[in-house]
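Me: I am new to this structure and would like a close look at one part of it. Please take that part slowly and then set it in the rest of the chain.

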Amino acid sequence: MSEPSAPSAATRPVPKPWIAAIHPYVPGKSTGADGKVLIKLSANENPLGTSPLACAARLGGGEGAGDPARYPDPESHALRGALGALHGIDPARIVMGTGSDELLHLAAQAFAGPGDEVLYQRYGFSVYEIAARRCGAAPIEAPDRDYAADVDVLLGCVTPRTRVVFLANPNNPTGSYLPRADLARLHAALPADVLLVVDQAYAEYLEAEADDGALALAASAENVLVTRTFSKIYGLAGERVGWATGAPHLIDMLNRIRGPFNVTVTAQASALAALGDLAFVDASRTHNRAERARFVAALEALGNHGLRPLPSEANFVLIEFSGALTAEAAYKGLMDEGFITRWLPGQGLPQCLRITIGSAAEMDRVAAVLRALAQAAR
Ligand SMILES: Cc1ncc(COP(=O)(O)O)c(C=O)c1O
């Protein structure tokens, strides 16, 4: 029999110190300080909304979506089957999550713990630090190279304690992207017992020929997990559906610790229908590419005012401000004109504003407001 633990002098439950050290995730806002509803360009959602087929399925038209008294399919069979068919993956190598967020946390929890290190680039997705701390591991930030990941720098930060490496590709909030050859080099140089998690939340915004090769790595390597989401190009952020693929032993571990009914009835039905409307996905990608290019061109014209759009492969642009107009003033000025964007001092980026690509009219207006603010700043 184990010894009873010593009586505690605490007068209330004591959180684990690694949990108490977590700074809560800050979601993109949709209202101003006065509660006024603003045009939301702060959370990288789809400005085209959701596929009409997915909306119809969500409202009860889809298979199995009609009876909220029943638990959802715990294995998301139909959805995993459709994902497998679309991407050429054995459905047994796919696990669904309550958004890809859940899967990122599960990956850290399954493979790292107290005394271990979880590595990612500076200005990586902010959930990685929370995921590391949540399981008691140490979050380690590798320095960036002009806001982007650098393979050699990342590899230089790998130690015998490194258990998990997170890489968002494209990355949020920077929009930067690591090409296929670099990702292959990173993977090849990592020890076999380090899990590489490639977070492809924005992968569908890339052109097919820009594939970073992560799905192929997940299909062949023992230590690569790829996560994807329905929250971005599929326009289903509110339904919370994500998925991961990798070697069977990785999927097995995530299945052991995920919530048994972690994808709701409506989430499964709407995601399945969304996969059947690839025209909507194509239209979203085309819209994003065109509007991002127009917006970047408008920002580049403000280069003499110190605005620099960083190269983005995602559905947002990170702008660095180094002139008289600060990122904070631009954030407030855009809010005065009805737009909520993402100013990121909490992520070590007080000099930057991240703006989601919205409709053509919204991007015209945002560019015009930034121009006026830059010209007025002294
Ligand atoms: C890089 C990255 N990964 C993962 C997520 C989480 O997405 P979700 O939990 O909605 O699938 C996001 C959301 O913004 C993201 O930017």
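Which residue in strand 10 does L307 stand opposite?

Reply: In this predicted model, L307 stands opposite F321 of strand 10. The two residues belong to a pair of strands that is worth following outward.

Strand 9 covers residues 307-309 and runs antiparallel to strand 10, with three bridges joining them. The connection from strand 9 to strand 10 is a hairpin of six residues. Strand 10 itself spans residues 316-321, and five of its six residues are buried, so this strand is largely enclosed by the rest of the structure. Buried here means that 20 or more other C-beta atoms lie within 10 Å of a residue's own.

Strand 10 also has a second partner to consider, strand 13 (residues 349-356). Strands 10 and 13 pair in the antiparallel sense, over five bridges. One residue pair that shows this pairing is E320 with C352, its bridge partner in strand 13. As background, side chains in a regular strand alternate between the two faces of the sheet.

Elsewhere in the chain there is an open sheet of seven strands, in the order 2-8-7-6-5-3-4 and with mixed pairing. Its edges are strand 2 (94-97) and strand 4 (138-142), each of which pairs on one side only. From one strand to the next, the twist averages 20°. Within this order, strand 6 (residues 195-199) and strand 7 (residues 224-229) pair in the parallel sense over four bridges. V198 stands opposite V226 of strand 7. Helix 5 (residues 127-134) lies across strand 3 (117-121), strand 4 and strand 5 (162-168), and runs at about 150° to strand 4.

The ligand is the next landmark. It is surrounded by 13 residues, and the closest are G99, D101, N172, T229 and S231. By type, the shell around the ligand holds four nonpolar, seven polar and two charged residues. Helix 4 (residues 99-111) gives the most to this shell, with three residues.

Another enclosed element is helix 10 (residues 265-275): 11 of its 11 residues are buried, so the rest of the structure largely encloses this helix. Among these buried residues are V265, Q268, L272 and L275. The loop between helix 9 (248-257) and helix 10 holds G259. G259 counts as exposed because it has 11 C-beta neighbours inside 10 Å, and the limit for exposed is 12 or fewer. G259 and E102 are 157 residues apart in sequence, yet their C-alpha atoms are 9.3 Å apart in space.

For the chain as a whole, the secondary structure comes to 13 helices and 13 strands. Buried residues make up 46% of the 378 residues. Of the contacts between residues at least 6 apart in sequence, 72% join residues at least 24 apart. The C-alpha trace spans about 75 × 50 × 50 Å along its principal axes. A compact globule of 378 residues would have a radius of gyration near 21 Å, and the chain agrees with this at 21 Å.

To return to the part asked about, strand 10 is joined by three bridges to strand 9 and by five bridges to strand 13.

Conventions
Residues are numbered from 1 along each chain as its sequence is written. This is a predicted model: local features need pLDDT of at least 70, side-chain atom pairs count only at pLDDT 80 or more; totals for chains, interfaces and linings use all residues. A residue is near a molecule or strand if its C-beta atom, placed from the backbone, lies within 6 Å of it. Helices (H or I, at least four residues) and strands (E, at least two) are DSSP runs, numbered from the N terminus. Ala, Val, Leu, Ile, Met, Phe, Trp, Tyr, Cys and Pro count as nonpolar, Asp, Glu, Lys and Arg as charged, and the others, Gly among them, as polar. Two strands pair if DSSP finds at least two bridges between them. Axes are lines fitted to C-alpha atoms, for helices over the stretch in contact, and angles run from 0 to 180 degrees between N-to-C directions. Two residues are in contact if their C-beta atoms, placed from the backbone, lie within 7 Å. The radius of gyration is taken over C-alpha atoms; the globule rule is 2.2 Å times the number of residues to the power 0.38.
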